[in-house]
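The following exercises are to be worked with the sequence and the structure at hand. Each task is followed by a solution in steps.

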Amino acid sequence: MHWFDLARDQLVQWKLREKAARGFRKSFTTLAQKALDTAFDEARSRDDRFIGCEHVLLGLLQADDALVTKVFSDLGLTLDVLRSEMGTPPARDPGSLELSRLPFTPRMKHVLQNARLEAEGRGQSPVDEKSLLLALLREKGGLPGRVLGKLHIDVEALRSTVLSEGAAN
């Protein structure tokens, strides 16, 4: 195979990935997209190689959604608290990660699927930031679950609060 053919094949694959990414983004509200973009930025700032549930929780903490912000502030869950619970990122070689887009962890992919189900169950389309939060709360493992448990936060009560206050808004 000639180098030109290889380059063309890579370009075709890149275009397919870009088209899939645009379709993925359309399935989320503007605020949910912002939370996911912030999660990407958080992962990049820590030199993490994947976007995990903890990054999305950080993104939601920075979202402009009044309900999500209120729920977190009522619990005393702040960016500083969550970042301190995440700990220091592992040391990496500078410039070792030059990806324009980081992949989601398998757990986070599962959360995104659950967020879609949460949204559908609430009659919401596209997926909003409340559905992302509800899906994160459904996920028992991972860092967000450990942080909430360490802070003695009743996850089921929190889910009920989000659902009841979300219905009132």
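## Exercise 1: Exposure and contacts of R83

Task: Determine whether R83 counts as buried, partly exposed or exposed, and place the residue in the fold of this predicted model.

Solution.
1. R83 has a relative accessibility of 35%, and therefore counts as partly exposed. The class lies between the buried limit, under 20%, and the exposed limit, over 50%.
2. In the secondary structure, R83 belongs to helix α5.
3. With neighbours within four places in sequence set aside, the contacts of R83 are E42, L58 and Q62.
4. For R83 and E42, the separation in sequence is 41 residues, while the C-alpha to C-alpha distance is 9.9 Å.

## Exercise 2: Packing of α2 and α3

Task: Describe how helix α2 packs against helix α3, giving the geometry and the residues that meet.

Solution.
1. Two packed helices are described by the angle between their axes and the distance between the axes.
2. For α2 (residues 30-45) and α3 (residues 53-61), the angle is about 125° and the axes are 7 Å apart.
3. The two helices are therefore oblique to each other, since the angle falls outside the ranges under 35, over 145 and 65 to 115 degrees.
4. The crossing of α2 past α3 is right-handed.
5. On the α2 side, the residues that meet α3 are A35, L36, T38, A39, E42 and A43. Their partners in α3 are H55, V56, L58, G59 and L60.
6. By class, the residues of this contact comprise 7 nonpolar, 3 polar and 1 charged.

## Exercise 3: The nonpolar core

Task: Identify the residues with the most contacts inside the largest nonpolar core, and state which helices supply the core.

Solution.
1. In soluble globular proteins, nonpolar side chains tend to be buried together.
2. Here the largest nonpolar core contains 42 residues, and I51, V56, L60, F72 and L132 have the most contacts inside it.
3. At least two core residues come from each of α2, α3, α4 (66-75), α5 (79-86), α6 (106-121), α7 (129-138), α8 (142-150) and α9 (155-168).
4. For L132, residues up to four places away in sequence are not counted; the residues touched are then F28, A32, L36, L60, L112 and A115.

## Exercise 4: The chain as a whole

Task: How many helices and strands are there in the chain, and what percentage of the residues is buried?

Solution.
1. The chain has 9 helices and 0 strands.
2. Of its 169 residues, 41% are buried.
3. Among contacts between residues at least 6 apart in sequence, 69% link residues at least 24 apart.

How values were computed. Residues numbered from 1 in each chain as written. Predicted model: local features only at pLDDT ≥ 70, side-chain atom pairs only at ≥ 80, totals over all residues. Heavy atoms only, no water. Axes fitted to C-alpha atoms, helices over the stretch in contact; angles between N-to-C directions. Helix = DSSP H or I, 4+ residues; strand = E, 2+ residues; numbered from the N terminus. Left-handed = near helix turned anticlockwise from the far one by under 90°. Contact = heavy atoms within 4.5 Å. Nonpolar A, V, L, I, M, F, W, Y, C, P; charged D, E, K, R; others polar. Core = buried A, V, L, I, M, F, W, Y, C linked by side-chain atoms within 4.5 Å. Buried < 20%, exposed > 50% of the residue type's maximum accessible area, 1.4 Å probe, protein only.
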